Amino acid sequence: MFVEHSSGGSKTSLDDLGLSTELTNLLRVKWGIKELYPPQQKALPAALSGKNIMLTIPTASGKSLVAHLTIAHRLKNDLKMQKAIYVVPLKALATEKYNELKEISDVVGLKVGIAIGDRSGESNSVDDSDILVCTSEKLDSLLRSRPELISRIGIVVSDEFHLLHDHGRGPTLEVLISRIRHKRPEAQIIALSATVGNCEELAEWLDAELIQSEWRPVTLHSGTLTNLEVKVHRIDGKGDEKWPEPRTIQGTKGKNLQAALDDTIKESGQLLVFVNSRAGAQKEARELSKHILKRMKNENEFEDRKKIEKLETISESLKQRDDSSALGKKLADAIKGGIAFHHAGLTNEQRSKIEEMFKHGDLYCIVATPTLAQGVNLPARRVVIRDVRRWSTVAGRNMPMPIMEIKQMLGRAGRPKYDKKGDAWIISKNKDEELKFVEHFLLGEPEKITSKLANPNAQSAEEDPALLTHILSLIATSDMNDRNSLGRFFSKTFLSTHMESEALENQIDRVIKWLVENGMVVREGESELVRQRIISEKTTESNVENWNDELPSWAHSAAEIEGVDTYIRKDENMSEKTPRKGPAIFGFKKASNYEVEKIENPDSQAMVYSATSLGLRVSRLYLNPVSGKIIKEGLTNAMNVLTGLDNQRQISPFSLLHLVTCTPDFIPLWPQKKDLGKIQDALFGHESELLTNSVDLDDERRMKGVLVLQSWIEELSISELEDEWNVQPGDLRSRVDLAEWLLYSTRTILMDDNDLISMDKESHRVLFEAIDEIHRRVRNGCKSDLLALITLKGVGRVRAREMVNILGVTNVKDISSLTENDQFKLSDLRGWSMKLVKNIVNNASQVNKRRR
């Protein structure tokens, strides 16, 4: 392990690494890197030699460069014709890494591709690229649909590897790493991680060399802000820093953030403030902006009038947008004062704009929720954490945030090349709270990472969605399709390092049973080939085992403790003692009370499975199998209605929206008090249109999702939706995207299901067209009469509705025949121009020609 605080000792220079002239020139001449950071000096020789490494060093300490140089060097030398995969947790981070890798790969003649599911032409990018940047979910999806891809993988880089601990992303990342190591054991794994409590355990699982350091290129002073007193309690850096004395910053008592912002601006820096809620981010941004605007009235304090004018221009442009919402207007108002808030309720475009403005120095401060710390690289001169607790739905109260997460936020302080030090402060109310925060968050050890691949408390397979999803995927899209192979695969996952093998085997059996019962997997029978393979493997294992009957090392250690050796000696003198009276063990519950619940008649180790057409489709659509079950049941119910077997229900757009929102893949929306009446009316008013067999899946939350989507396809504006349902633009966009994907999946499952087709071909066609229509309406947020018009480039739902209302057009042919007078009417509308109108008319004419 490498734990270093200074740059002393032997150094590894760029010339010692054996890099090509092109790479060394890029580093020295273009990037100005004359000397490697100490952690890089330790990591690069191991990485370039092909060893697996786990690199756990602070933010901005050079983790990425280690990965980038290793990829560029090895793909041009010992891994020619192989592919490097760079796995990131977020799409925004993928774009950032793509740009970084492109610069270094262009120098050595390698191609970089990106696969995040947002771009056309990504399929070619996957095939043609030497280096592929993608999210773990996208890579998992690629391996399901194109399993041959794994045979070309030479290097895998996992950025933000500590997110293995995340319930959402962790299981997929763990299975990906395990799957690649299973099929390509020679592939190099480079894990880039924040410091966690069990780095050694993770490195051992990866069979990796652990390189751990607290060295930072920019010294980090971590401390507290109590009232207006700043006190540094921890210094991370190069090891030669002087400890600063406590100081009091100028400001008003009770206005800590304003004082911190003023102090930061005074030092020509930028500030990141972290709070625990969206409402908190908006409130603090509003108040800080008012404070700055008040100061701006004094021109002597803010001499940069160009910056002020630029902020006013950006603010006004945000307000003038057609899709501007109440939240967007609040953001625009805050930006006037050089302050922005940042959270998931904003659109991707808005968040990207804020990040860009901050990087260019246009903003003084961003007030954000903790998710920003996990996103793109956005360092600041100073970081202030207002809240160290947040609401937990599990506990039903505010709980302390993980130390790991707090350290991620604190680590954003200090900009390489700009700052000599970064300041990171946690706000505390008084001295007692200050001491608690220091002891726990600043001086405490980060939490241990545990696997989230299985739910140890699951009472049924449906409560174990990650295991359910990945076992189906393995059966459907890999060669691990027998019971022994599945067991051996999961015995090599990180999950197996802290879950009893019997419990894990039982959960695998339970999942397989569920998949069989729900028509996604079939048992093909026991295979003699598999049985012979098992015998062969057992023989090999028994030949290489080295039995050692001596006492284990822990016993020798324990024997050194007075009074302990008696209980671990060999039993050579036991026979001399008087036999006991009574049972060997007493005073405990029966052992059976602690046993793992077992599946009756579990499958033989030689049992072979195959995925049904439904199972294969569910896996490749990347659905939770429970979602696949609900969709299949809903489609069966719909076919029963159309064929007359069910004369009670009816099918409507509401039916299909409700069906997809009842799946666990759809994220429901929390209702407010004002929503409950409308939700109850919908539950009773549409009861005959519900296609799901179980209507108790978070009824009110899921019903709100249906009603929001229904409002969207009825063409309510984003501002109206926000007023009606208190749904912020980012939340709306995410639910629309989910519904679009689930409706596409529903249509695909219907199209491929022979059982449903055989019920009645005409009814099947009618249902297919209904799903297709609602899918297109959700994608475009419009009523049915606009579907023909929105196929034209440059025409969205707003412009299409204006053309219908003003000109009475109904189809593409009508648009291609617009008169000069009609075109002038459109060009006179807000957001239109004559050039735009001409382009739309030309596009319509071309579409008409192709249809003839």
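**Helix 22 and helix 29**

I looked up the handedness of the crossing of helix 22 and helix 29 and found it right-handed (near helix turned clockwise from the far one by less than a right angle; anticlockwise would be left-handed). This is a predicted model, in which local features need pLDDT of at least 70 and side-chain atom pairs count only at pLDDT 80 or more, while totals for chains, interfaces and linings use all residues. Residues are numbered from 1 along each chain as its sequence is written, and side-chain values use heavy atoms, with hydrogens and water left out.

Helix 22 spans residues 625–642 and helix 29 residues 761–780; helices are DSSP runs of H or I with at least four residues, strands are E runs of at least two, and both are numbered from the N terminus. Their axes come within 10 Å and cross at roughly 125°. I note that axes are lines fitted to C-alpha atoms, for helices over the stretch in contact, with angles from 0 to 180 degrees between N-to-C directions. The two helices are therefore oblique to each other (not under 35 degrees, not over 145, and not 65 to 115).

I then listed the contacts (heavy atoms within 4.5 Å). From helix 22, L635, A638, M639 and L642 meet S763, H764, V766, L767 and I771 of helix 29.

**Helix 23**

I checked burial in helix 23 (residues 653–661) and found eight of its nine residues buried (under 20% relative accessible area; exposed is over 50%, partly exposed in between, with a 1.4 Å probe and protein chains only). Among them are F654, L656, L657 and H658. The buried residues pack against several helices, including helix 22, helix 27 (729–752) and helix 29.

**Aromatic pairs**

I searched the whole structure and got four aromatic pairs (Phe, Tyr or Trp ring centres within 6.5 Å, using the six-membered ring of Trp; planes under 30 degrees apart are stacked, over 60 edge-to-face, the rest tilted). Y37 and W215 have ring centres 4.8 Å apart and planes at 45°, so I logged the pair as tilted. Y37 and W215 lie in loops, 178 residues apart. Y37 is partly exposed at 28% relative accessible area, whereas W215 is buried at 4%.

I logged F437 and F441 as edge-to-face, at 5.9 Å centre to centre with 65° between the planes. Both are in helix 15 (residues 431–442), four residues apart, about one turn. Both are buried.

**Charges over rings**

I looked for charges over rings (NZ of Lys or CZ of Arg within 6 Å of the ring centre and within 35 degrees of the ring normal). K678 has its charged end over the ring of W725, 4.2 Å from the centre. R701 lies over the face of W670, also 4.2 Å from the ring centre.
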